[in-house]
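Please work through the exercises below with the sequence and the coordinates open beside you. Each task is followed by a solution that goes step by step.

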Amino acid sequence: MFKSKQVSNKSAHFAFSLGLIGYMAVTTTHAAPQQDLKKIVDLEKSAYLETLKQLVNIESGSKDLEGTQEIARLVAQKLKATGAEVSILESKDMYRMDDTPAQTGPMVKAVLKGQGKTKIMLIAHMDTVYKKGMLKDQPFRIDANKAYGLGILDDKQGVAAVIHVLNTLQKMNYKNFDTITVLLNSDEEISSPSSRKLITETAANQDVVFSFEGGGQDGSLRLATSGIGAAYLDIQGKASHAGVKPEAGVNALTELAHQLLQMQDLSNPKTGLKLNWTVASSGATRNVIPDRATAQADARALRVEDFDLLEKNLQERVKVKKLTDSQVNLKFEVRRPPLVANDAAISLAQQAQNIYKNELNLPMNVVATASGGGTDAAFAGLKSKAAVVEGFGLSGDGAHSNNAEYILIDSIVPRLYLTTRLIMQLGESK
C-alpha cells in the first residue's frame, strides 16, 4: 500500500461539513473580494495553459513507468511551489485484477496546511490510455477556442487545474481551511489498482472532495456514477478426437454454454444491477473436443451491496455443472464501486450552481442520477460522509480518441474561479 498516516475521522468534521454546505457568502477579513479573485484567475489563465502544454508533452500511459515517473516529478515540483508539503509515493500493495500489471506508476500527494476548520481533498489522474509514441499524432496545439493534445481532457486538464487552484489561493494568501490534500494517481485508466486504497483512506475524514475529471461539453457536475465489475469463467475439460472418440473427452465448450445459460437472469432492472456476458473463447481445432473454455462478463451496479450479492449468486450457480468431470472456476472483481450522491454532495453542487449563476452569469447542469462508467471519486466516497462531487475539470470532448481530444479554453477561468470560490465559501460559512 502507499505509506501514509491516516488521521482518525471525527464526527465533528462531518457535522461541520453539513453546517457549512449551503450558499452563503459572508465576507471575512480573510477573504479577498470577488472582483479581486476574478482578476487573479484571469491572470492565471496563461500560466495554466503553459502547465497544460508541459503535461501533454510528457507521454504517461498507465503502463509507461518511465513516463508516469517523469510527469510525477514535474507535478510534485509545481505543487511544492504552492507551499504544500509534497511526496511521491510508490505502490506497496495492489488490488489485482485480470489486467493489472506487475507494477504501476507513482502517486503524488500534497498537503497544504491552513488556519481554518474545513478538510478539503482534490483528486485527478496523471495517466492516459495512450501508448508510448503516439504523442506525435496528438501534440499540444491551440486552434481558436480549443486546445488539443494527448490526454489533454482525460485528465491532464484536471491535474493542471489542481495546481493552479493552489496557485490562486497562494496569491490571495487565503488560508481559512484546515488542510487541502491533493492526491494525483497514475493508474486510473486501469481501474486504480494501486491507488484506490489510499484514496479511500484519505477521504474517510474529509469534509469535501472535489474530483477533476472533465465536465463534458456543457460543464456539468456529477453526483453519481455506476460501479463497474467483471466476472471471469474458466472451464477445464479433457481433449479427445471429436470424430473417433468424443466420449473420451470432457467438452469444456459444452460446460461453458451450460454455465452462461444458467447465469442469464442475474440482472435486476429495479436496482440497476446489470450482468452481461460479452467475451467467450474455446477450442482451436474443429475435430478436437476442447479442453478449455473461457468467458468474461461486464457488471454494473448502483449500490455496493449489489456487487456483493452478485458475486455470491455467481459462486452458487457455478456449483451446478452439466459435466461432472469438468472443472469450473469463477473470479469476480470490483473494478470501481458506484458513487452514490449524499445530501452533502447535493448541497455542494447547488452551491456551485449558485456561483455560476450569480457570480459568473453562466448555466450549470448537475447530474444526480448514475450514468456511464466509474470514477476515482467513488473510491473517495466509499467510506466517507464527505460531499463528493465529480466533474470540476474543464469542458471538452474526444477523450480516448486518436486525434480529436481537446479542452475548451474559455472554460479555464470559470473552472478555476469555481473551485477557488467554493473553497472560500466553505471557510467563510458558519
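The exercises that follow concern a predicted model, and they treat domains, a sheet, a cavity and backbone geometry in turn.

**Exercise 1. Domains**

Determine how the protein chain is divided into domains, and describe what lies between domain 1 and domain 2.

Solution. Begin with the assignment, in which domain 1 takes in 30-225 + 339-429, while domain 2 takes in 228-336. Next, take the C-alpha centres of domain 1 and domain 2, which are 39 Å apart. Then turn to the contacts, where 18 residues of domain 1 meet 10 residues of domain 2. Finally, consider the area buried between domain 1 and domain 2, which comes to about 1100 Å², with 45% of it on carbon and sulfur atoms.

**Exercise 2. An open sheet**

Work out in which order the strands of the open sheet that contains E18 are arranged, and explain why strands E4 and E17 each have one side without a neighbour in the sheet.

Solution. Reading across the open sheet, the 4 strands come in the order E4-E5-E18-E17, with antiparallel pairing. Strand E4 (141-143) and strand E17 (396-397) are at the edges and have a single partner strand each, so one side of each remains without a neighbour in the sheet. For the pairing within this order, look at strand E5 (residues 146-148) and strand E18 (residues 406-408), which run antiparallel and are joined by 3 bridges. As one example of a bridge, Lys146 has Leu408 in E18 as its partner.

**Exercise 3. The cavity**

Establish how many cavities of 30 Å³ or more the structure holds, and characterise the lining of the largest cavity.

Solution. The count of cavities of 30 Å³ or more is 1, and the largest cavity holds about 50 Å³ of space. Its lining includes Ile123, Ala124, His125, Asp155 and Glu213. Sorted by character, the lining consists of 3 nonpolar, 4 polar and 4 charged residues. Strand E3 (residues 119-125) contributes the most to this lining, namely 3 residues.

**Exercise 4. Backbone geometry**

Find which residues a cis peptide bond joins, and identify where Asn173 is placed.

Solution. As a reference, most residues other than glycine have a negative phi, and most peptide bonds are trans. Against this, the bond between Asp154 and Asp155 is cis, with omega about 10°. Asp155 belongs to helix H4 (residues 152-172), and Asp155 is also one of the residues that line the largest cavity. Asn173, in turn, has a positive phi near 55°, and its place is in the loop between H4 and strand E6 (179-185).

Definitions and conventions:
Residues numbered from 1 in each chain as written. Predicted model: local features only at pLDDT ≥ 70, side-chain atom pairs only at ≥ 80, totals over all residues. Heavy atoms only, no water. Pairing = 2+ DSSP bridges. Helix = DSSP H or I, 4+ residues; strand = E, 2+ residues; numbered from the N terminus. 1 Å grid on protein atoms, 1.4 Å probe; cavity = no way out; pocket = protein on both sides within 12 Å on 5 of 7 lines; lining within 4 Å. Points joined across faces, edges and corners; volume = space filled by probe spheres on them. Nonpolar A, V, L, I, M, F, W, Y, C, P; charged D, E, K, R; others polar. Domains from an automatic or database assignment. Contact = heavy atoms within 4.5 Å. Buried area = accessible area lost by both parts, 1.4 Å probe.
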